[in-house]
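Me: Could you take a close look at one part of this model for me, the charged side chains and how they pair up? Once that is covered, feel free to wander on to the odd backbone spots.

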Amino acid sequence: MANKTTNNSSVSIWVWLCRVFVGLLFIFSGLTKANDPLGFSYKLVEYFEVFHITFLNFLALGLAIFLCAMEMILGFALLIGVRGKQVAWGLLLLIIFFAFLTFYSAYFKVVQTCGCFGDAIVLTPWQSFSKDLVLLLLIIVLFRNRAKIHPLFSPKTCDTLLIVATVLGFGVGIYTYNYLPVLDFLAYKVGANIPDEMKTPPGALPDEYEQTYHLKNKSTGDTKTMTDKEYIKSNIWKDNNWAVVGNPESRLVKKGFTPPIQDLTIENAQRDDYTKELLSSPYYSLFIVADELDKTNVDALNSINAICVNLTQNYNIRTILLTSSPADYAQAFAKEHHLVSEIFYVDGVPLKSMVRANPGIMLIKNGTIINKWHYHTMPTYDEMVKEYLQKQ
């Protein structure tokens, strides 16, 4: 009888430890992604492309907010012990889903960052899959002992707390989508100097790769596989009987330094590079970021345009519209809406990282991002003059 009591006590301790660890990790994971639901939706679109279900792209943002909220809600529910059996099922199904995605990404080398913790903590696919395996084991412990997940409070209190957690879970994602991430983990955060973020410091080592060659002997038909170092060291390349078959296989051996910004080029319609000129100006410049003009908020863009007119006329501020839309479409769009800003073209990937809004605004001086805004929070002309231009 004593042994049985001791065993039950040990199981209860293990269940509690699993509850705390899994619950907190799910809340943290959901919160970091909910900090930037638009970024998470871009990751979901990548998965949709991999599985050839791009017809679901329009659901990506809603699904991103929903998954983030579910992680936080399930994690919180597990901690307070409300609806233990249903929560155990939810956690099990969710972690199986995530484990499948991370394994598929790792094994087939498709989506190379899973977005498990947003941009706060970037994991490789194999690291993500390993994390999911550990969580799966812990959740299996919880699932097998789901009858032992008891609430910490009265049923009414637990239900009230769950409702509050649900509202907050969805509220965080909706808020950050409409008002930018609370914490910006991207390279284009306020205070970052863009040219500096594009540089590789002296002495920094690049990525180190290993090449693997497949060789075949023309006389005997024998085959060999060797690395590039073995290939050079053995002097087999001097032997005309051995020929390389196919293309060498490249494998990353050691990760080197990668600049935070490595894919930014700003061009005009004639494909002339204006990156250095635009990012080295010692004066304030207003950058309007509108990735796809056909999907931008036109009313917001018109309001920004009115501010640009006043800034240009009264303070000679250079206003620049950055877009990835085709030049012909962008020029026609600008003419239709009487846009006064100069138009330059950038690939969609860096534009999506600059401001999580379409359109968004960045105030830049000497290549440094002084501030940036979602179109829902953009300052008025008078506010911008008072806060920045009168202090020059």
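**Charges, helices and odd backbone spots**

Reply: Let's start with a backbone oddity and work towards the charges; keep in mind that this is a predicted model. His-52 sits in the loop that runs between helix 2 (37-50) and helix 3 (60-80). Its phi is positive, near 55 degrees, even though the residue is not a glycine. With a relative accessibility of 69%, His-52 counts as exposed.

Now the charges, beginning with helix 2 and helix 3, the two helices on either side of that loop. In helix 2, Lys-43 pairs with Glu-46 in a salt bridge, with 3.3 Å between the closest N and O atoms. The two are 3 residues apart in that helix, so about one helical turn separates them. As background, an α-helix has 3.6 residues a turn, so residues three or four places apart point the same way. Lys-43 is buried at 13% relative accessible area, while Glu-46, at 31%, is partly exposed.

Helix 3 brings in a pair of another kind. Glu-71 makes a salt bridge with Lys-33, and their closest N and O atoms are 2.6 Å apart. This one ties together distant parts of the chain, since Glu-71 belongs to helix 3 and Lys-33 to helix 1, 38 residues apart. Both partners are buried.

Altogether the count is 14 salt bridges. Another of them joins Asp-196 and Lys-199, at 3.4 Å from N to O; Asp-196 is partly exposed, with 44% relative accessibility. There is also a network, in which salt bridges with shared partners connect Glu-277, Arg-318 and Glu-342.

So which charged residue is buried yet has no salt bridge? That is Arg-19, and the nearest side chain of opposite charge, Asp-159, is 13 Å away. Arg-19 is part of helix 1 (residues 2-34). What its side chain does have is backbone oxygens: that of Leu-79 is reached at 3.0 Å, and that of His-150 lies 3.4 Å from a polar atom of the Arg-19 side chain. Beyond four places in sequence, the residues that Arg-19 touches include Leu-24, Leu-78, Ile-80, Gly-81, Leu-142, Ile-149 and Leu-152.

Helix 6 (residues 155-179) gives you a handy geometry check. At 1.5 Å a residue, its 25 residues should span 36 Å, and the end C-alpha atoms are 35 Å apart, which agrees. Its buried residues are Cys-158, Leu-162, Ala-165, Gly-169, Gly-173, Thr-176 and Asn-178. Right after helix 6 comes Leu-180, with a positive phi near 75 degrees.

That takes us back to the backbone. In general, most residues other than glycine have a negative phi, and most peptide bonds are trans. Asn-316 is another non-glycine with a positive phi, about 55 degrees, and its place is the loop between helix 10 (298-315) and strand 6 (318-323). Asn-316 counts as exposed, at 67% relative accessibility. As for the peptide bonds, the one joining Asn-358 and Pro-359 is cis, with omega about 10 degrees. Pro-359 lies in the loop between helix 12 (348-354) and strand 8 (360-365).

One last item is the cysteines: the disulfide count is 0. Cys-68 is buried, with 1% relative accessible area, and Cys-308 is buried too, at 0%.

Technical notes: Residues numbered from 1 in each chain as written. Predicted model: local features only at pLDDT ≥ 70, side-chain atom pairs only at ≥ 80, totals over all residues. Heavy atoms only, no water. Helix = DSSP H or I, 4+ residues; strand = E, 2+ residues; numbered from the N terminus. Buried < 20%, exposed > 50% of the residue type's maximum accessible area, 1.4 Å probe, protein only. Lys, Arg positive; Asp, Glu negative; His and termini not counted. Salt bridge = Lys/Arg side-chain N within 4 Å of Asp/Glu carboxyl O. Polar contact = N/O pair within 3.5 Å; in protein donor to acceptor, adjacent residues only side chain to side chain. Contact = heavy atoms within 4.5 Å. Disulfide = S-S within 2.5 Å. Expected span 1.5 Å × (residues − 1).
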